[in-house]
Amino acid sequence: MQLKPYQTDAIKSLLERSGRFLRQNGGKKMIFKSPTGSGKTVMMAELLKQLADSKTSRPLSFIWAAPRQLHIQSREKLENYYAESMALACSDFNGLADRQIGENEVLFLNWESIRQRDKNTIVKENERDFYLDKVVENTRENGRDIVLVIDESHHHATSEISRQLIADIAPKLTIEVSATPNMEGDDKFSVPLEEVKLAGMIKKSVLLNENFKNLLAGDKIKPGLLGKADTFVLKQALAKRGELAAAFHAAGVGVNPLLCIQLPDRKTQQEDDIKTGVVRTLKRAGITTANGKLAVYLSDEKKNLENISRNDNRAEVMIFKQAIALGWDCPRAHILVLFRDWKSVVFSVQTLGRIMRMPQPDVGHYGDEILNQGYVYTNLPEITVSEDVAGGYVSIHTSKRIEAYAPIALSSVHRRRQREKTRLSPLFNKLFLQAADEYGLAEKLKMQNQKVQRQFIADYESSDIDVLAGEQITGNVRADVIDDYGLQRLFDYFVNANLSPYYPEDRSIGRVKDAIYDFFRVRKGMDYADCFDAIINIALSDGNKPHIQRVLKDAKDLYAAGTGGREEPLQKTDPWELPQTINYGDKHVPRKADKSAMRPFYAANSESRPEKEFIDFLENTASVKWWYKNGEGESLYFAVPYTENGGENPFYVDFIVQFNDGTIGLYDTKSGITADVAKNKSDGLLAYIRNANRKRKRGKLTGGIVTPASRADYSQWKVYTGRGAHMNSRDLSNWDWLQL
């Protein structure tokens, strides 16, 4: 199995943190937060394998606890993962040998059952001395530490009984795994939703009631199908399933998209009536259990479930209840239907997780955007969007291109995102060592009797060291930091504060720490495992810290030069046309715009004043046929190439305008300092217009950087058509009046 880059990064960071905790005294708890569809089980399987291979103080045995029947599914996945390497043995309780968990053996347990001490034979004391407490005792007496993995930890790990059970097992390390965990522990690591999406593991977004107008009321969403009959809602979902099936067929992809109808867990006559109505509607559409197109997963009825997760399975629709949602993995599931009997729902990763996965994660996203979205149809009274899927992942608005649109055949560019531009890759370790040698760091460091000291302010408190980045904290009280946890927190803060311009995420911070550890290992013979506290005390002592900071800066400069030199060439889309549809999340609001090429028009909450005023200017200009507000960052949107720092970059121009005579205008609004830093972009845009006009017979291009005539007058605009080097927002004398 080929791990995705974000998975490899996560495993390495988790291994470093786990190894550190296993070398310390007492039980530690680590939180691993990763979105549904990110491959949490695969990452944990590889982590346990590498932990078993690593040189910890003692051999390891593992317990994997999960709710409901998820432990069985997890065991099957890990057995498959270890099938070739045989790195770890996977067992249930009755399969244990010698009444203990063997070295590099994983015991899988159902969490709910082991909580029932008076009923469950696994935990209840017996005369055979074969029960959980005794197994744990025997394992420990045979010289092994226990690592406890709590899968889907948000379901059970915080209850009083669960806490007591963890105390009874007394693991050396507990790892809580969840998409939505209780974030209380000695350390935490998160995989960002955006990284999973960019890797093509999950869909780009989830669309709510596509083609129906959803309304925002505070932090609640009023679905556009509110008041519609269940039958109407289901017919919309069936029509979308048909579109998806046709799109997969046209793309030559053997995926049969699955529509999921989720019923509430309650067992009342009302739920039975809903199910009866659903089955009747589906039968009219030719979807029944008899012909294999309908699958049912209910406590009292299970039909056509064999191989339902296969992409080419015959079932087109599945009826299920909430209980199946936990841990159920069917990547071809594309559509979720929720009926109004739910009353109110929170859209979280847990709720939407069943339709977030991509059917072919090794392929990733498809060329047809319809296949890269999940779809929800519901007549619920209201919906709340949880923070874990905030940031626009749930699309509640859809804007469509006007029917009067005629092709404009522009040529656009885009670049596949390079993670090295915002974060550090393994290359940084090598470059740090190179920079250290060039600077002579090994000779400059003082090694003897070094102590890191921390200044305190009596009334300053912070629950998270990350918030300290960029703050100036001073004080005259100094105290030695002697415990490993305190040292690690200070080390994290030091790296965070010296990471700019790279984003201070967990993996980049871990990369810098690894580079410093590698330097001490290679140049000073000090291994991290044995000299953790000494390394940090030396690196962060007052006399040595400036030298470490200098080498960090040099290494970042080398890294920036290296990643810039390896920049992927821009990808070209020719011809490019306005998108047929654009989906927006709750950060956009509808705005009246009669000439927008996309209807309805949705403006971003963060819309700048120049953008807003320029839209008004276009709306009130008679010669404008339509205008389009461009997006950025994806091939879906329009960009022209420009040169900066020796490399080509995409410039996503703010506005595309078509005039009544067929001319196409490309305009980007700038004001003040934003205009001053746009010199290279201006040159790129004007060069693009000149080159395009040599080839175009119809619809000639015009445009440029535009700015209001004055801060007080947004009714008149000026456009810059000269050399970028001479652009000056404080002197508009060499700017032309914008005459449309």
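User: Over which residues does pLDDT stay under 50?

Analyst: This is a predicted model. The protein chain has a mean pLDDT of 82, and 84% of its residues reach 70 or more. Where pLDDT is low, the predicted coordinates should not be read in detail. One stretch has 46 contacts beyond four places in sequence, yet its pLDDT stays under 50: residues 455-481.

User: Are helix H1 and helix H2 parallel, perpendicular or oblique to each other?

Analyst: Helix H1 covers residues 5-22 and helix H2 covers residues 40-53. Their axes come within 9 Å and cross at roughly 45°. Angles under 35 degrees count as roughly parallel, and 65 to 115 as roughly perpendicular. The crossing angle fits neither range, so H1 and H2 are oblique.

User: Which hand does the crossing of H1 and H2 have, and how many charged residues are in the contact?

Analyst: The crossing is right-handed. On the H1 side the contact includes Tyr6, Ile11 and Leu22; on the H2 side it includes Met43, Glu46 and Leu51. By class, the contact has 9 nonpolar and 4 polar residues, and the number of charged residues is 1.

User: What is the geometry of the aromatic pair of phenylalanine 248 and tyrosine 366?

Analyst: The whole structure holds 26 aromatic pairs. In this one, the ring centres lie 5.7 Å apart and the planes make an angle of 90°. Planes over 60 degrees apart count as edge-to-face. The pair is therefore edge-to-face.

User: How many residues apart in sequence are the parts that this pair ties together?

Analyst: Phenylalanine 248 lies in helix H8 (residues 230-250). Tyrosine 366 lies in the loop between helix H10 (349-352) and strand E17 (373-378). So the pair ties together parts whose separation in sequence is 118 residues.

Notes:
Residues numbered from 1 in each chain as written. Predicted model: local features only at pLDDT ≥ 70, side-chain atom pairs only at ≥ 80, totals over all residues. Heavy atoms only, no water. pLDDT = per-residue confidence, 0-100. Contact = heavy atoms within 4.5 Å. Axes fitted to C-alpha atoms, helices over the stretch in contact; angles between N-to-C directions. Helix = DSSP H or I, 4+ residues; strand = E, 2+ residues; numbered from the N terminus. Parallel < 35°, antiparallel > 145°, perpendicular 65-115°, else oblique. Left-handed = near helix turned anticlockwise from the far one by under 90°. Nonpolar A, V, L, I, M, F, W, Y, C, P; charged D, E, K, R; others polar. Phe/Tyr/Trp six-rings, centres within 6.5 Å; stacked < 30°, edge-to-face > 60°.
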